[in-house]
Structure formats: C-alpha cells, structure tokens
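This report covers helix packing and internal space in one protein model. Please look over the sequence and structure below before reading on.

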Amino acid sequence: MTEPAAFDVALFGEAMLLLVADRPGPLEDAQSFHKRTAGAETNVAIGLSRLGLKVGWASRLGTDSMGRALLAAMRAEGIDCSHVITDATQRTGFQFKGRVTDGSDPPIEYHRKGSAASHMGPADVDEAWLRSARHLHATGVFAAISDTSLQAALKSMDVMRAAGRTISFDTNLRPTLWSSTETMRHWVNELASRADWVLPGIEEGLLLTGHTKPEDVAKFYRERGAKLVVVKLGAEGAYYDSDVAGTGRVDGFPVKEVIDTVGAGDGFAAGVVSALLEGRSVPDAVRRGAWIGARAVQVLGDTEGLPTRAQLEEAGL
C-alpha cells in the first residue's frame, strides 16, 4: 500500500515582519505602524491552511523578536514548521509598507538583504520531508533572494518532478532582487518550465515573454510544458489555458473599495491550488482564486482577507 502523504502542500520561502503605516502619505511621514506577517510563500501557506489543507513550510529565521513573532504566527495558523531553522547568528528580514487611497500599489521598502532566509541553499531541501507532500507551491520570490536560494528552489522542484508530484509556480516578480532583467527572465522562465501549473500576472507576462495578450502569454508557457496556465488580469478576472479544460475566461469579483493590492496574487494562488487539489474543475478553481484575490485587496495586511473553509462554503465556492 502507498503511504498517505503527510502534507497536501509544501512551500519554501522567506517570512518577513510587515510594518504597515497608520496613515496615507510618504513612509517617512508615518509615526506608527501596524505589525503583520509578509512573504509570498507564507501568504499562500496561510491561505491554504485556513481552507483546511495540511501545509508544511520550510525557511530560516533569526532568533530575534521578529523571528519569534513570525514563527508563532505561522504555528498559530496550523502550519507545520518543523523545517524552519532558527539561527541566533542571522537576522530576520522585514519590510515597511505605506498606505494609499487611490487603489494603486502602495510603496514598499524591503530590509531583507543578508537575512536568515537568504542563506538557505540546496542542503535545506529535506528530500524525504518534501516528498511527504503531494504538491509543491513555488514562487519567483524565493529564487530571487540569493544565489543559494535559487539553487534550493531548483532542487525542490526537481525532487518533486522526479517523485511524480504536482508543482504550481507563481512568477511573482521582484526585479530589485535580481542582478538584471535578463537574469530574472531567464531563471523565472526556467523555474516555470518545471511546473505543472503556472500563474503569471498579465504585466509579468509581458516582461517575461514579450507578449501583451493573455492568450499568447499562456501559449508561451504551455509550449514549455505547463499543463495549466492561469493569467491574472486584475479586476477583469483571469484567462486560463489547460490540458483538461481548454481555454476560457473567468470574470473578476466586484470590489467596493481597494484598500491594499499587495497579497491579492497570493490569495489567488491559494484559491486555485486548493481547488485543484480538491479535484475541482479548472473554471471553478480560477473562480475561487478570483474571489479570494478580491477579498485580499479590501484589507490592510496581506492575510486578513484570506477566508476560512466556513467562509468559502458560505460563498458557495
């Protein structure tokens, strides 16, 4: 008999303490901040765990107050943190985020260079632990934070491919973390070629593929092996191209007021991945992703809008 998977989803990535300004305007004018968690992979991990999936997260943190707060927050969400290494000689990354009132992307200032997570490398990929998950969710952020984390990202995807597991990949571009646009384009597309499900945004797709139409962006990754590509179109919803469901569009959900756009893509990913792992259809999965993404932009932090299973069922998704 095949041993059941210990986890539904495994993730590698950096958690950062997020300090959100209490008022709109330049960051330097803010006098107080709200403390939150941040990190593309951790946002998705929290989103998946709240929906009832078993989630394992691997990372490195300092033993400073920020690292202690982040580890406690992830454990409180029911996420397995047995492969999070805490190191007193390293520091935890953090970021400041401003407030805006016009629905635009808020200003963000990162303080993550040389952080504990940036020291992660291939040796941090516990192959047995990783294979105990039935799915890996990866993003372009973890690969960008250092040369060694890039190698860890590649190894984690290769391990899961060899084991016959599914892999999702959110391109999630961070141009300032890469040495050049060309380097970013090469490695993000290389990572995408290892994934089954690829989730680019339309603007990211333009930068990575040179194409402006979602159909062409999707075709680019489908030709490189992806079984499903979902191109995020913001308020307009998303376009998908799939082995099993063909092509189509899903409308976005109306939002009364956009509070903060950061985290919407992570919520979208949590919706799509959770639904697909539950055996839902591609259109249903994309619809769930769009709904969670719409919730995410209506709150201050990255994770407050991520729903519980009960809230999801109440919405009929």
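Helix α1 (residues 40–50) and helix α9 (residues 264–277) cross at roughly 45°, and their axes come within 8 Å. The model is a predicted one. An angle from 35 to 65 degrees counts as oblique, and α1 and α9 are therefore oblique to each other. Their crossing is right-handed.

Which residues make the contact? From α1 come Ala-40, Asn-43, Val-44, Gly-47 and Leu-48. From α9 come Asp-266, Ala-269, Ala-270, Val-273 and Ser-274. By class, this contact of α1 with α9 has six nonpolar residues, three polar and one charged.

**A second partner for α9**

α9 also packs against helix α10 (residues 282–296). Here the angle is about 150°, and the axes lie 7 Å apart. Angles over 145 degrees count as roughly antiparallel, so α9 and α10 are roughly antiparallel to each other. This crossing, too, is right-handed.

On the α9 side, the contact uses Ala-264, Gly-267, Phe-268, Gly-271, Val-272, Ser-274, Ala-275 and Leu-276. On the α10 side, these residues meet Val-282, Ala-285, Val-286, Arg-288, Gly-289, Ala-290, Ile-292, Gly-293 and Ala-296. The contact of α9 with α10 divides into eleven nonpolar, five polar and one charged residues. Ser-274 of α9 appears in the contact with α1 and again in the contact with α10.

The two helix pairs are set out here.

| Helix pair | Axis angle | Axis distance |
|---|---|---|
| α1 and α9 | roughly 45° | within 8 Å |
| α9 and α10 | about 150° | 7 Å |

**Internal space**

How many cavities of 30 Å³ or more does the structure hold? There is one. The largest cavity has about 60 Å³ of space.

Its lining is made by Phe-12, Leu-136, His-137, Ala-138, Thr-139, Phe-142, Ala-153 and Ser-156. Two elements, β8 (135–139) and α5 (147–162), give two or more residues to this lining. Which element gives the most? β8 does, with four residues. Sorted by class, the lining has five nonpolar residues, three polar and no charged.

Charge sets the linings and contacts side by side. The cavity lining has no charged residue. The contact of α1 with α9 has one charged residue, and the contact of α9 with α10 also has one.

Note on methods:
Residues numbered from 1 in each chain as written. Predicted model: local features only at pLDDT ≥ 70, side-chain atom pairs only at ≥ 80, totals over all residues. Heavy atoms only, no water. 1 Å grid on protein atoms, 1.4 Å probe; cavity = no way out; pocket = protein on both sides within 12 Å on 5 of 7 lines; lining within 4 Å. Points joined across faces, edges and corners; volume = space filled by probe spheres on them. Nonpolar A, V, L, I, M, F, W, Y, C, P; charged D, E, K, R; others polar. Axes fitted to C-alpha atoms, helices over the stretch in contact; angles between N-to-C directions. Parallel < 35°, antiparallel > 145°, perpendicular 65-115°, else oblique. Left-handed = near helix turned anticlockwise from the far one by under 90°. Contact = heavy atoms within 4.5 Å.
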